[in-house]
Amino acid sequence: MGRASTVLQHAPDLVDQVISGTTGLNEAYAVAQENKAKATSAEVQLARLREEDPQLADRVAEGALTLAGAWAERTERAEEDKRQRRVATRLLDELVPPLAQARGTRTFSRYDPAYASGTPITRETITHAMSALAEMEQVWQERDLP
């Protein structure tokens, strides 16, 4: 009785075949168990997606996106975020330590716009750089970085 109930719930398309005898109950039960496992797995994946990215989970629930498509998009976003973090880290690694090393030296007093290899540094550029460093300090405090 339990097997028939499982088939009825998880493989209803096989019920008529079991009744007519063209498919055995054991065979239908095996298919029903597979269907149940897939459904459970999908439910778990959707719940996890809802925790990690509720907007993608909503699109799946609305039928606008498949679960596999949502996970592919989530993975792609995560990879892009990782790439952007890598680029930002390299940029800051190249810029901030040399600036810190120039502190307390005569480097700033020796600056000559005539020798600038790119766009000459202006007071506005310095003001923006100071704002950027203040933002950086705030983020480091928020993230409790050393």
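## Contacts, salt bridges and overall form of a helical chain

Leaving aside neighbours within four places in sequence, V31 is in contact with A11 and L14. V31 belongs to helix α3. The model is predicted. V31 and A11 stand 20 residues apart along the chain, yet their C-alpha atoms are separated by 6.8 Å. The relative accessible area of V31 is 31%, and the residue is partly exposed.

A11 also appears in the surroundings of T6. Not counting residues up to four places away in sequence, T6 touches A11, Y29 and A32. T6 sits in helix α1, which covers residues 2–10. T6 is buried, with a relative accessible area of 17%; the cut-off for buried is under 20%. V31, at 31%, is partly exposed instead.

**Overall form**

How many helices and strands does the protein chain have? There are six helices and zero strands. Along the sequence the pattern reads α-α-α-α-α-α. The radius of gyration is 30 Å, whereas the globule rule gives 15 Å for 146 residues, so the protein chain is more spread out than a compact globule. The C-alpha trace spans about 95 × 30 × 20 Å along its principal axes.

Burial and contact range can be read next to these dimensions. Of the 146 residues, 14% count as buried. T6 is buried, and D53 is buried too. Take the contacts between residues at least 6 apart in sequence: 22% of them join residues at least 24 apart. The accessible surface of the protein chain comes to about 11,700 Å². Carbon and sulfur atoms account for 55% of that surface.

**Charges and salt bridges**

The protein chain carries 18 positive and 23 negative charges. The mean positions of the two sets are 7 Å apart. How many salt bridges does a search of the whole structure find? The search finds nine salt bridges. Three of the pairs are set out here.

| Pair | N to O distance | Relative accessible area of the acid | Relative accessible area of the arginine |
|---|---|---|---|
| E52 and R74 | 3.3 Å | E52, 33% | R74, 23% |
| D53 and R77 | 2.6 Å | D53, 9% | R77, 37% |
| E80 and R83 | 2.7 Å | E80, 32% | R83, 41% |

Start with E52 and R74. Their closest N and O atoms are 3.3 Å apart. E52 lies in helix α3 (residues 25–52) and R74 in helix α5 (residues 67–102), so this salt bridge ties together parts that are 22 residues apart in sequence. E52 is partly exposed. R74 is partly exposed as well.

Now D53 and R77. Their side chains meet in a salt bridge at 2.6 Å, N to O. The pair links distant parts of the chain, 24 residues apart: D53 is in the loop between α3 and α4, and R77 is in helix α5. Is D53 buried or exposed? D53 is buried, with a relative accessible area of 9%. Its partner R77 is partly exposed, at 37%. The pair also belongs to a wider set of charges. D53, R59, E73 and R77 are linked in a network of salt bridges.

The pair E80 and R83 sits within one helix. Both residues lie in helix α5, three residues apart, about one turn of the helix. The side chains meet at 2.7 Å, N to O. E80 counts as partly exposed at 32% relative accessibility, and R83 counts as partly exposed at 41%.

Helix α5 thus recurs in this section. R74 is in helix α5. R77 is in helix α5. E80 and R83 are in helix α5.

**A backbone detail after α6**

Where is D144 found? D144 is in the segment after α6, a helix that covers 123–142. D144 has a positive phi of about 55°, although it is not a glycine. At 69% relative accessibility, D144 counts as exposed; the cut-off for exposed is over 50%.

**Putting the parts together**

Helix α1 holds T6, and T6 touches A11, Y29 and A32. Helix α3 holds V31, and V31 is in contact with A11 and L14. Helix α3 also holds E52, whose partner R74 lies in helix α5. D53, in the loop between α3 and α4, is paired with R77 of helix α5.

Methods. Residues are numbered from 1 along each chain as its sequence is written. This is a predicted model: local features need pLDDT of at least 70, side-chain atom pairs count only at pLDDT 80 or more; totals for chains, interfaces and linings use all residues. Side-chain values use heavy atoms; hydrogens and water are left out. Helices (H or I, at least four residues) and strands (E, at least two) are DSSP runs, numbered from the N terminus. The radius of gyration is taken over C-alpha atoms; the globule rule is 2.2 Å times the number of residues to the power 0.38. Buried means under 20% relative accessible area, exposed over 50%, partly exposed in between (1.4 Å probe, protein chains only). Contact means heavy atoms within 4.5 Å. Accessible areas come from the Shrake-Rupley method with a 1.4 Å probe; for residues, only the protein chains shown count as cover. Lys and Arg count as positive and Asp and Glu as negative; His and the chain ends are not counted. The place of a charge is taken as NZ of Lys, CZ of Arg, CG of Asp or CD of Glu. A salt bridge is a side-chain nitrogen of Lys or Arg within 4 Å of a carboxyl oxygen of Asp or Glu.
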